[in-house]
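Reader: I should like to learn how to read the features of a structure that is new to me. May we take them one at a time?

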Amino acid sequence: VVCLYNQGMTDMFFDQISSYGPRGFSDFLSVISLVCLFLYFVTSSDSGSMIVDMISANGFAEPPLLQRIFWSAMEGQCAISLLHAGRNLPNATGSLKALQSASLLTGLPYTFILFWCAQSLYLLVQEEAGVLDKDRKAFRKFIVDSYSLADALLDTFFPGYHFCVIVKQIGGWPLSGISRLASGIAWGVGIQLVYFWSFILFWCGIETEVWFLVALTLAVGAGTTIGFLRTNVRDIYRIKHGDMFTDLVCGIFLPMFTLMQILDHITNDKNEDPPPPVETNKVEEELEEA
């Protein structure tokens, strides 16, 4: 056992097989083992390609054959590229380590997607149990829907503009007591400055890691504020489809789509039961009369 432990993984495997019988029989077991490993990796890759293909086909159980071949080829090409990238490393197992590292890095973000899927499953169970109404009010459009390219570019680089428009229209935010316009401008400029500095510090993080962490903190803070804005809009317009956790996830990971979704709803909402008007103080009423 100690001898096998001190050897490499490849040598350990074949030495362990050779201990089960004479050379001819151990060679036969080695061939069988290699065939089994080959079938294991091929079937695993085929299953993964099939799942990705079904997801890209919007859940269709029998996606087109050419599309399945495409995803299988792309998966194999990615593996070959990663193995090829580690060929110049001094360690013989560098290629495999590069492949393993890439798998971990790409799998980590998907963990958060699984958290969101778990929440969706929880809501689905509540709907089936009758705790939640299946026909409860929702936003007019899905978070990732067909929005105009101009709005998408605007909210990607200048999210403060639509943030200002939304805050001005719904009211109720700090400084709204003075003027909705002043409140919208203040919050819009603040969000825009935070995003601007997070973008600048992100590139500074290439040289100094601490600036990258600062940029990430600023971006998460701005996204959290957008998430709170989405929660506020849901409360005002009596949108029961969603919760604060979903709002925060949308605001942090999809801030531009969140702003477009909110703006589309408050602009085109045709509900017969409109939201209650936001109270204004005498200062704003006097400004409007003037």
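Author: Certainly. Let us begin with the record: the UniProt annotation "transmembrane region", from an unreviewed entry, covers residues 20-42, 185-204, 210-233 and 245-263. The model itself is predicted.

Reader: What share of helix and strand does the chain show over residues 185-204?

Author: Over residues 185-204 the chain is 100% helix and 0% strand, with the end C-alpha atoms 28 Å apart. Over residues 20-42 the chain is 87% helix and 0% strand, and there the end C-alpha atoms lie 27 Å apart.

Reader: How is a single helix to be read, and which residues of helix 8 are buried?

Author: An α-helix has 3.6 residues a turn, so residues three or four places apart point the same way. In this structure, helix 8 has 25 residues and spans 36 Å from its first C-alpha to its last, close to the 36 Å expected at 1.5 Å a residue. Its buried residues are R180, S183, G184, G188, I191, Q192, Y195, S198 and L201. At the start of helix 8, a side-chain oxygen of S179 comes to within 3.3 Å of the backbone nitrogen of L181.

Reader: Which residues have the most contacts inside the largest nonpolar core?

Author: They are F163, I166, I170, L229 and V233, in a core of 19 residues. Helix 7 (159-170), helix 8 (180-204), helix 9 and helix 11 (255-268) each supply at least two residues of this core. The largest share, five residues, comes from helix 9.

Reader: Is T225 buried or exposed?

Author: A residue counts as buried under 20% relative accessible area. T225 has 18%, and is therefore buried. This residue is found in helix 9 (residues 209-236), and its side chain reaches the backbone oxygen of G221 at 3.0 Å. Leaving aside neighbours within four places in sequence, T225 is in contact with F163, W173, W187 and I191.

Reader: How many salt bridges does a search of the whole structure find?

Author: The search finds five. In one of them, D264 pairs with R140, the closest N and O atoms being 2.6 Å apart. D264 lies in helix 11 and R140 in the loop between helix 5 (94-129) and helix 6 (149-157), so the pair ties together parts that are 124 residues apart in sequence. D264 counts as buried at 13% relative accessibility, whereas R140 is partly exposed at 44%.

Reader: Where do D247 and R234 lie?

Author: D247 lies in helix 10 (residues 244-253) and R234 in helix 9, so their salt bridge ties together parts that are 13 residues apart in sequence. Salt bridges that share partners join R230, R234 and D247 into one network.

Definitions and conventions
Residues numbered from 1 in each chain as written. Predicted model: local features only at pLDDT ≥ 70, side-chain atom pairs only at ≥ 80, totals over all residues. Heavy atoms only, no water. Helix = DSSP H or I, 4+ residues; strand = E, 2+ residues; numbered from the N terminus. Buried < 20%, exposed > 50% of the residue type's maximum accessible area, 1.4 Å probe, protein only. Polar contact = N/O pair within 3.5 Å; in protein donor to acceptor, adjacent residues only side chain to side chain. Contact = heavy atoms within 4.5 Å. Core = buried A, V, L, I, M, F, W, Y, C linked by side-chain atoms within 4.5 Å. UniProt positions renumbered as here; feature names shortened; annotations may be inferred. Expected span 1.5 Å × (residues − 1). Salt bridge = Lys/Arg side-chain N within 4 Å of Asp/Glu carboxyl O.
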